[in-house]
Amino acid sequence: MVKLFKGVIRTKTRIDYESIKSIHFNVTVTDTGIPQLTSTAMVTVDVINENDNDPEFNTTEYRFDIPENSPRGTIIGRVEASDADEGAFGEIVYSLVGEQSSYFSIDPDTGVIVVQDASGLDREREPEISITVVAMDKAPSPTRRSTAIPAHIRVLDVNDNAPTFTQNKFQATVAENAALNPPAAILQVTATDPDEGDAGTVKYFILSGNDAGMFRLDPNTGILYPAIELSHKKGHYHLHVEARDGKGAGPYSDTAEIAIEVSSVNQHRPEFIMPALNKALIEIPFNVVEPEYLVMTVKATDEDSGLDGKVTYHLQVNNDNVQETEEFAIDEISGELRTRKQLERKKQSKYELILVARDRGKPKRFETLRFLTILLVDINENRPEFPDASNPYKFFIAENRARDVRIGKIQAMIQDRSHDDPPTIYYYIMLGNEEGAFYIDKTSGDIFTNKSLDRELTDSYNLFILASKKPDLVITDVDREGYSTKALERDSTVAKVWITVLDVNDNPPIFSPEVYYAGVSSKAKINELVTLLNITDSDLGANATMELIIASSNLYKKLKLYEEQELTMQVFSEPEIMSTNNSSSQQDGLPLTLNRRDSYETSQGGGDNTYATIQPRNISSQVGDTLADYATLRNPSGVPSSLTKIKRQ
């Protein structure tokens, strides 16, 4: 724009050097005379460049990834900026600023960022680093312009840390009755690894100390479980365990110790040995019993160990355990039951006591009770006993006999010569007849079968039979549960009766399988094995002895003897007869003999496998390979028998 009278030229709009470097225009001047005269001049305006543009990056922020511990000089990435100015005003220099920028350096010309100090690249300490990238032009200081943007550097994990147990030694106590299924957790070991991903995934292993295989360490959770029943394994155990990174396959690991105490638990109740019966009776053959008389020594056992298995003895009065009553006292440790004062039969002949066997388990104690009746009897009265010479009794009976078959007789005696007519003795089966296989005449002592017996199911019975002067003695299931066979075997009032069931040939031999497939070569040699037969017989001894008989044997084969002639041959077992469909070739018969009878005797014991072989003899090379045998297996008694078919191809 030109001032009309002054001739001053001014800019009308903003002029941008980057858009236009120079401007050319004509200026005309006109005077005020008449006629007016004009003159024109060409004006050239050169636009002078100024630093009026800031550098601009090609993005608003940068994000880079770099593995931790990368060495100095590792390239992280490159930044790029531009400046619309020209010349020095448009030339850019890059730099880094920020608290953590010292770990990196940037090429001032190219913008490439590299690692300057690797110590700053620790993912576990700083997973991400933020710095500021500055782009500045090269204009003189007063007019210099710059732009800054953030650059975020994510430090990638490298497996550079070992797992560390939270403590060097773990301790735990587990009860010996700890559950096994599902298993009870004993303790959990824990190790930490600051690495991430698979590198920081820790698995746990037992290195040593688990020779008996008592414990199992879950590799993922670090929880220790019992691997087997810990009952009766009280003691201290030391395991050496490992935590390894990389899902158990990494290069770094840590170790720790686990100290385990398996403590006993009071699991069992004391069991009485003496007296053996739940309701026991003791007869003292005196009219007068003096103080300190040893009535009996009470004895009980406990399967627990330590204090849990230590048994003490007491008397129970009004639900309280005491060591003495007015008449009797029991030693807490030895179990000796003695009288405290003189007992007279005429004043009182019967005393009833409750015996207590109690363990010392903690925190809970178990106790077992026995009811004891003490009778003061006349010195001329005695209990029935079985003579040692005939005790135990041994009887035999064949299986499959009918019910009510008499097996044998037992008899007890009373050593009492003061009466011409001795008292009646009654017999009661105490143990061994849980299946109800027998019954006894309670007055005569004769033992009978109550059902047919099967030796293959049960081959022997052990009965314990009590002799008593009580005509109506009732033995309950609770009483039977409280009996101790060891105590009964020492009791002379109890007969031990061993009944053996004899074998009867009542089971046929059985082929397994019923059909056999085998092959025999036409060039088979004498006594060459063809097949093995698997045969079982549940009977015993001679009744399980086998005989194998070939009931029939047939062989078929089409032979091309000449160019157009075929021969069909059939071999019979008794006698060997050959027939062909070509009579002219009968004189050329092919002889075949079979070993038609073979036997094999089993060892003593029912159910053993019996193997027999069938062997071809003198088989011509012209005979084919198809053989069908029918073999009958029977034992020496001849009955019963079974038939099986043997196919050989």
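# Exercises on a predicted model

Arginine 480 has a relative accessible area of 28%, so it counts as partly exposed. This structure is a predicted model, and the exercises below start from that residue.

**Exercise 1. Find the salt-bridge partner of arginine 480, and work out how the two residues sit in their helix.**

Solution. Step one is the partner: arginine 480 forms a salt bridge with aspartate 477, and their closest N and O atoms are 3.6 Å apart. Step two is the cut-off: a salt bridge needs these atoms within 4 Å, and 3.6 Å meets it. Step three is the position: both residues belong to helix 1 (residues 477-482), and being 3 residues apart there, they are separated by about one helical turn. Finally, check the partner's surroundings: aspartate 477 is exposed, at 56% relative accessibility.

**Exercise 2. Decide whether arginine 406 and aspartate 446 are buried, partly exposed or exposed, and say which parts of the chain their pair ties together.**

Solution. Begin with the contact: the two side chains meet in a salt bridge, 3.0 Å from N to O. Next, place them: arginine 406 lies in strand 34 (residues 406-409) and aspartate 446 in strand 37 (residues 446-449), so the pair ties together parts that are 40 residues apart in sequence. Now use the cut-off, by which buried means under 20% relative accessible area. Aspartate 446 has 12% and is therefore buried. Arginine 406, with 47%, is partly exposed.

**Exercise 3. Classify both partners of the salt bridge between arginine 78 and glutamate 80.**

Solution. Their side chains meet at 3.5 Å, N to O. Partly exposed covers the range between 20% and 50%. Arginine 78 has 45% relative accessibility, so it is partly exposed. Glutamate 80, at 39%, is partly exposed too. For the wider picture, the count of salt bridges comes to 23.

**Exercise 4. Describe the largest pocket: where does it lie, and what lines it?**

Solution. First, its space: the largest pocket holds about 1,300 Å³. Second, its place: domain 2 (271-377) and domain 3 (384-502) both give residues to the lining, so the pocket lies between them. Third, its lining: there are 49 residues, and Leu277, Leu281, Ile282, Arg383 and Thr493 lie nearest the centre. By class, the lining has 28 nonpolar, 8 polar and 13 charged residues. Fourth, its elements: those that supply at least two residues each include strand 31 (350-359), strand 38 (460-468) and helix 2 (485-489). Strand 22 gives the most, with 5 residues.

Technical notes:
Residues are numbered from 1 along each chain as its sequence is written. This is a predicted model: local features need pLDDT of at least 70, side-chain atom pairs count only at pLDDT 80 or more; totals for chains, interfaces and linings use all residues. Side-chain values use heavy atoms; hydrogens and water are left out. On a 1 Å grid over the protein atoms alone, a cavity is a set of points where a 1.4 Å probe fits but cannot get out, and a pocket is an open set with protein on both sides within 12 Å along at least five of seven lines; lining residues have an atom within 4 Å of a point. Grid points are joined across faces, edges and corners, and a volume is the space filled by probe spheres set on the points. Helices (H or I, at least four residues) and strands (E, at least two) are DSSP runs, numbered from the N terminus. Ala, Val, Leu, Ile, Met, Phe, Trp, Tyr, Cys and Pro count as nonpolar, Asp, Glu, Lys and Arg as charged, and the others, Gly among them, as polar. Domain bounds come from an automatic or database domain assignment. Buried means under 20% relative accessible area, exposed over 50%, partly exposed in between (1.4 Å probe, protein chains only).
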